[in-house]
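Welcome! Open your viewer, get ready to select a few pieces one after another, and let's take a short walk together.

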Amino acid sequence: MKNYFKKFPDENGYFGEYGGSFVPEILADEMKKINDAYYSISKSHEFISELRSIRKHFQGRPTPVFYCGRLSEKYGGRIYLKREDLNHTGAHKLNHCMGEALLAKYMGKKKVIAETGAGQHGVALATAAAYFGLECEIYMGEVDIAKEHPNVIRMQLLGAKVIPVTHGLKTLKEAVDAAFEAYLKDPVNSIYCIGSVVGPHPFPMMVRDFQHVVGIEAREQFLEMTGELPDAVTACVGGGSNAMGIFAGFINDEDVSLIGVEPSGRSLKMGDHAASLSYGKSGIIHGFKTYLLQNEKGEPAPVYSIASGLDYPGSGPEHCMLKDMGRVHYTVATDKECLEAFYKLSRYEGIIPALESSHAVAYAIKYALENKHKSILVNLSGRGDKDIDFIVENYGTGEGYFD
Ligand SMILES: *Cc1c(COP(=O)(O)O)cnc(C)c1O
């Protein structure tokens, strides 16, 4: 696709008919300021070289590409992983949090604000804030605070203020509202940092650009390792940042199939899954237009996945466009398939993946079985340490999953 990154998003933040900016006027002004700052600052030599140095010396980039020899031998095909689990803090989210916080620094902001669900975004942003010496306020539902104790402690150790949200269902949705309110009270000194390629323009574009490094590295590394490009590239899709990061690296390689994997949870009944691109309809949430899972009244539907990082009722607007264009194919993996993949990657390769990433691994195993002579590259978005207590308590250590 010629000039893809110049064309999308357009100047109003649209990817085809998705995206845009549906926010109150006061916020619209702030979004415009952030957009202008992003265009001027992020293209400067100083910003680019500082970000490059952070990625190398603080985050440990480039992360390796790894060939899964045992898994490939077992299931056929050739399965490769881009090891974002080896990125500092154990997941891809730090890629955009460091970029957003660096922009905050250049804009003269004193404080970064965000919400968090399971705490992964909160920890990544708190890490970035500590690095830059910025204040950090993380809004988190009381229910999630009780569930995600280790991440709450991590954020506090990193110097962030974790603010409990006590109204409504006391989970992510209320936390988003509370974080926006706090941001609106002091938009001069603070900046809102979004956790995926979602929200009003310019966030889906900025977060994609900051994650693009994953795809650029992976393409180069894969070529160097094998002398060719992969036949397919796959990633799990919650909001869609890790997927957009790796897909961006291959978007112009028309022969490379791109596959996004959404969570189909425990069933396809409303409230049992979070596969918004596969089963949603056009709608607006959190200031942007997307494929939205909605109830009869058109309100965002309740969503669920065994991987809490994937349970969002919408998806990044760029994914919506890429689906309509047919450039990316979107499919689903169930909780059960995700668990199987989790156990298999752990036992066959010595890599314990995050439950989110395990959805993409599940697809890769299926692909390998059906395409014995082809290669597939998985974006392994994060490590599974955060999930092991939950899994072992509920499902055991994996006996019965191996022939
Ligand atoms: C948050 C998270 C995801 C989902 O977010 P995307 O924006 O869809 O990438 C995936 N994997 C891990 C490890 C996460 O922490």
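Let's begin with a pair of helices in this predicted model. Select helix 14 and helix 16: they are roughly perpendicular to each other, because their axes cross at roughly 110 degrees and angles of 65 to 115 degrees count as roughly perpendicular. To find them, pick residues 388-395 for helix 16 and residues 335-349 for helix 14. The two axes come within 13 Å, and the crossing is left-handed.

Now show side chains where the helices touch. On helix 14, look for Leu339, Phe342 and Tyr343; on helix 16, their counterparts are Ile388, Ile391 and Tyr395. How do the residues of this contact divide into nonpolar, polar and charged? Six are nonpolar, none is polar and none is charged.

Keep helix 14 selected and add the strands it lies across: strand 3, strand 4 (78-83), strand 10 (257-265), strand 13 and strand 14. Against strand 13, helix 14 runs at about 90 degrees.

Next, bring up the sheet itself. It is an open sheet of six strands in the order 3-4-14-9-10-13, and its pairing is mixed. At the edges you will find strand 3 (65-67) and strand 13 (328-334), each pairing on one side only. From one strand to the next, the twist averages 30 degrees.

For a last stop, zoom in on strand 9 (residues 232-236) and strand 14 (residues 375-380), which run parallel and are joined by three bridges. Which residue of strand 14 is the bridge partner of valine 233? Select leucine 377 to see that partner.

Terms used: Residues numbered from 1 in each chain as written. Predicted model: local features only at pLDDT ≥ 70, side-chain atom pairs only at ≥ 80, totals over all residues. Heavy atoms only, no water. Pairing = 2+ DSSP bridges. Helix = DSSP H or I, 4+ residues; strand = E, 2+ residues; numbered from the N terminus. Axes fitted to C-alpha atoms, helices over the stretch in contact; angles between N-to-C directions. Contact = heavy atoms within 4.5 Å. Parallel < 35°, antiparallel > 145°, perpendicular 65-115°, else oblique. Left-handed = near helix turned anticlockwise from the far one by under 90°. Nonpolar A, V, L, I, M, F, W, Y, C, P; charged D, E, K, R; others polar.
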